[in-house]
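The following exercises concern the structure shown below. Each task is followed by a solution in steps.

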Amino acid sequence: MGYLQGDKPISITKLLAMHAEREKITMLTAYDSTMSALLNRCGVEVILIGDSLGNVIQGHSSTTPVTVEQMVYHTECVARANTHAFLISDLPFASYGDPIQALDSAAELMRAGADMIKLEGGDWQADIIQYLVERSVPVCAHLGLLPQSVHLLGGYKVQGKSKDAASHMLEQALTCQAAGAQMLVLEAIPSSLGERITEELHIPTIGIGAGPDCSGQVLVLQDMLGISPGKPPKFVKNFMDGHQSIEAAVKAYVREVKSGKFPGLEHGFAG
């Protein structure tokens with residue numbers, strides 16, 4: 001966390017170097033300037049302006065109602081207070097149906113302050129990933145549980161559990177990488193599959209319920225603070241337990257991800 005002492009802001013080059021050196025990458029969501037500033041103070045390398053704002057900010061049961069305009073607004077809010085972190089913004093549901101639409105949507109998020117955009121899907125998104133990258137839009141892919149496809153999946157279920165499903169997901173990850181994706185989020189998959197995909201790729205993998213062997217970890221901020229309604233997912237740890245402030249909880253998260261203490265075996269899924 002030397003950048004807190006005045007080094008350059010985090011770049012994709014730095015994140016790739018961290019991955020190569022096996023230094024864990026810390027990522028959390030934020031949707032406003034206050035939390036953006038706090039995460040910067042705590043040494044979080046990557047801030048995700050997630051379409052999860054549909055759940056935790058807007059009160060929807062899924063992310064599908066979120067629009068590009070709303071993502072732009074929240075990206076601008078986070079970017080105004082950002083000093084060091086690398087910013088990734090989600091392309092929301094139905095905003096990247098074809099390469100032209102994807103570029104238009106991504107351009108709005110980049111102009112709002114994003115350093116990279118994230119999209120859900122595997123090999124079927126390869127053409128869109130390549131199209132964006134060729135036009136100077138950095139891309140983070142997202143495999144496993146895809147929240148924008150929750151209605152198609154029939155709920156929030158662990159993905160890649162069978163041998164065939166695991167092999168197919170690895171193929172998808174390699175295809176996304178070959179198309180130009182520079183980072184990959186893996187959500188709700190067996191820990192063993194998270195390890196396997198991470199070993200096969202040369203780009204960083206960021207896990208959320210994907211085991212301890214990913215290049216880094218991400219959680220929704222409200223989840224790790226224990227303030228989201230309902231039962232938390234298995235992969236969530238409440239970092240407010242034992243801490244007197246949000247800042248102390250976030251710093252604990254950073255320490256535990258860096259040291260490998262989080263996620264523990266109890267936060268993972270079996271294959």
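**Starting point.** α1 is followed by R22, whose phi is positive, near 60°. Helices (H or I, at least four residues) and strands (E, at least two) are DSSP runs, numbered from the N terminus. The model is predicted, so that local features need pLDDT of at least 70 and side-chain atom pairs count only at pLDDT 80 or more, while totals for chains, interfaces and linings use all residues. Residues are numbered from 1 along each chain as its sequence is written, and side-chain values use heavy atoms, with hydrogens and water left out.

**Exercise 1.** Determine which residues of helix α1 are buried and which elements cover them.

*Solution.*
1. Apply the thresholds: buried means under 20% relative accessible area, exposed over 50%, partly exposed in between (1.4 Å probe, protein chains only).
2. In α1, which spans residues 12-20, the buried residues are I12, L15, M18 and H19. They lie on the same side of α1 because they cover an arc of only 115° around the axis, the arc being that of the directions from the helix axis to the C-beta atoms.
3. T13 and A20, on the other side of α1, are exposed.
4. The general rule is that an α-helix has 3.6 residues a turn, so residues three or four places apart point the same way.
5. The cover over the buried residues of α1 includes the strands β1 (25-29), β2 (46-49), β3 (86-90), β4 (116-120) and β6 (183-187), together with helix α11 (246-259).

**Exercise 2.** Identify the residues that touch the most other members of the largest nonpolar core.

*Solution.*
1. Define the set: a nonpolar core consists of buried Ala, Val, Leu, Ile, Met, Phe, Trp, Tyr and Cys residues joined through side-chain atoms within 4.5 Å.
2. The largest core has 86 residues, and I197 and L219 touch the most other members.
3. List the contacts (heavy atoms within 4.5 Å). Not counting residues up to four places away in sequence, I197 touches M169, L170, A173, L184, L186, I189 and T205.

**Exercise 3.** Describe the surroundings of L53.

*Solution.*
1. L53 is placed in helix α3 and counts as buried, at 0% relative accessibility.
2. Beyond four places in sequence, L53 touches Y31, Q58, V66, M71 and H74.
3. L53 and V220 are 167 residues apart in sequence, yet their C-alpha atoms are 9.3 Å apart in space.

**Exercise 4.** Characterise the largest pocket and the largest cavity by volume and lining.

*Solution.*
1. Fix the terms. On a 1 Å grid over the protein atoms alone, a cavity is a set of points where a 1.4 Å probe fits but cannot get out; a pocket is an open set with protein on both sides within 12 Å along at least five of seven lines; lining residues have an atom within 4 Å of a point. Grid points are joined across faces, edges and corners, and a volume is the space filled by probe spheres set on the points.
2. The largest pocket holds about 780 Å³ of space. It is lined by 37 residues, of which E187, V220, D223, P233 and F235 are the closest to its centre.
3. A search of the whole structure finds one cavity of 30 Å³ or more, and the largest cavity has a volume of about 60 Å³.
4. Among the 14 residues lining this cavity, G209, Q217, F235, F262 and P263 lie nearest its centre. The largest share of the lining, three residues, comes from β8.
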